[in-house]
Amino acid sequence: MLGLRGGGDGFEIATKDENIPYSGTYELRTSYGLCTREQEIDLLALGFTADQLDAEPEITISTWFAERCVTGDSWSLSVDLLDGKGSELLHWDDGGVTSIAAEPVDCYSDDAWFEQGTSLTGYGPGLRTILY
């Protein structure tokens with residue numbers, strides 16, 4: 001399940017721009033204003049077994065960010081690992097501001113893409129859902 005909330009001028013699911021460095025076909029573009037997206041990943045529905053999940057496999061999660069036009073943009077990423085009752089086993093978050101060019105040649109000259117993420121371990125047995 002994917003949930004979107006936000007300001008600015010909304011969201012767009014589009015064919016990925018060939019200049020974006022991650023693999024895949026599509027991208028979810030968010031607005032210039034503060035906005036959030038949330039994805040709930042049901043691991044059992046994806047075919048993982050309870051035994052596999054109770055063995056506490058390493059969970060790696062990441063996303064790509066880029067600023068849009070001259071000024072640095074704030075970004076954040078958070079992940080919650082939940083048990084079968086929706087209780088939190090582990091929470092991780094990070095955030096920052098994208099780069100700011102001193103004197104960009106044009107509006108998008110300093111808009112480098114970067115990947116942010118983490119690998120999560122030691123969260124205990126019972127994992128069933130990732131809230132990302």
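Student: How should the relative accessibility of Glu56 be read: buried, exposed or partly exposed?

Tutor: This is a predicted model, and the values come from its coordinates. The burial classes rest on cut-offs: under 20% relative accessible area is buried, and over 50% is exposed. Glu56 has 30% relative accessibility, so Glu56 counts as partly exposed.

Student: Where is Glu56 found?

Tutor: Glu56 sits in the loop that runs between helix H1 (50–54) and strand E5 (59–65).

Student: What is there to note about the phi of Glu56?

Tutor: The general idea first: most residues other than glycine have a negative phi. In this structure, Glu56 is not a glycine, yet its phi is positive, near 55 degrees.

Student: What is the order of helices and strands around that loop, read along the sequence?

Tutor: The pattern is β-β-β-β-α-β-β-β-β-β. In total, the protein has one helix and nine strands. Of its 132 residues, 30% count as buried.

Student: How many salt bridges does a search of the whole structure find?

Tutor: The idea is a distance test between side chains of opposite charge, with a limit of 4 Å from nitrogen to carboxyl oxygen. The search finds one salt bridge. Its partners are the side chains of Asp54 and Arg128, at 3.0 Å from N to O. Asp54 belongs to helix H1 and Arg128 to strand E9 (residues 127–131), so the pair ties together parts that are 74 residues apart in sequence.

Student: Which burial classes do Asp54 and Arg128 fall into?

Tutor: Asp54 is partly exposed, with a relative accessible area of 30%. Arg128 is buried, at 15%.

Student: What surrounds Asp83, given that it is buried yet has no salt bridge?

Tutor: For a charged residue of this kind, look for the nearest opposite charge and then for polar atoms of the backbone. Asp83 lies in strand E6 (residues 74–83). The nearest side chain of opposite charge is that of Lys85, 7.0 Å away. The backbone gives another picture. A polar atom of the Asp83 side chain lies 2.9 Å from the backbone nitrogen of Lys85. The Asp83 side chain also reaches the backbone nitrogen of Ser87, at 2.9 Å.

Student: How is a pocket read, and which residues line the second largest pocket?

Tutor: Rolling a probe the size of a water molecule over the atoms shows where empty space is left. In this model, the second largest pocket holds about 190 Å³ of space. Its lining includes Gln39, Ile41, Phe48, Leu53, Pro57, Ile130 and Tyr132. Strands E4 (35–42) and E5 are the elements that give two or more residues to this lining. E5 supplies the largest share, four residues.

Student: How many residues of that lining are nonpolar, polar and charged?

Tutor: The lining divides into nine nonpolar residues, three polar and no charged.

Student: What separation in space goes with the separation along the chain for Leu77 and Tyr132?

Tutor: Here one compares the sequence gap with the C-alpha distance. Leu77 and Tyr132 are 55 residues apart along the chain, and their C-alpha atoms are separated by 7.9 Å. Leu77 is placed in strand E6 and counts as buried at 7% relative accessibility.

Student: How far apart are Asp94 and Gln116, C-alpha to C-alpha?

Tutor: They are 8.6 Å apart in space and 22 residues apart in sequence. Asp94 is in strand E7 (residues 88–97). At 30% relative accessibility, Asp94 counts as partly exposed.

Definitions and conventions:
Residues numbered from 1 in each chain as written. Predicted model: local features only at pLDDT ≥ 70, side-chain atom pairs only at ≥ 80, totals over all residues. Heavy atoms only, no water. Buried < 20%, exposed > 50% of the residue type's maximum accessible area, 1.4 Å probe, protein only. 1 Å grid on protein atoms, 1.4 Å probe; cavity = no way out; pocket = protein on both sides within 12 Å on 5 of 7 lines; lining within 4 Å. Points joined across faces, edges and corners; volume = space filled by probe spheres on them. Nonpolar A, V, L, I, M, F, W, Y, C, P; charged D, E, K, R; others polar. Lys, Arg positive; Asp, Glu negative; His and termini not counted. Polar contact = N/O pair within 3.5 Å; in protein donor to acceptor, adjacent residues only side chain to side chain.
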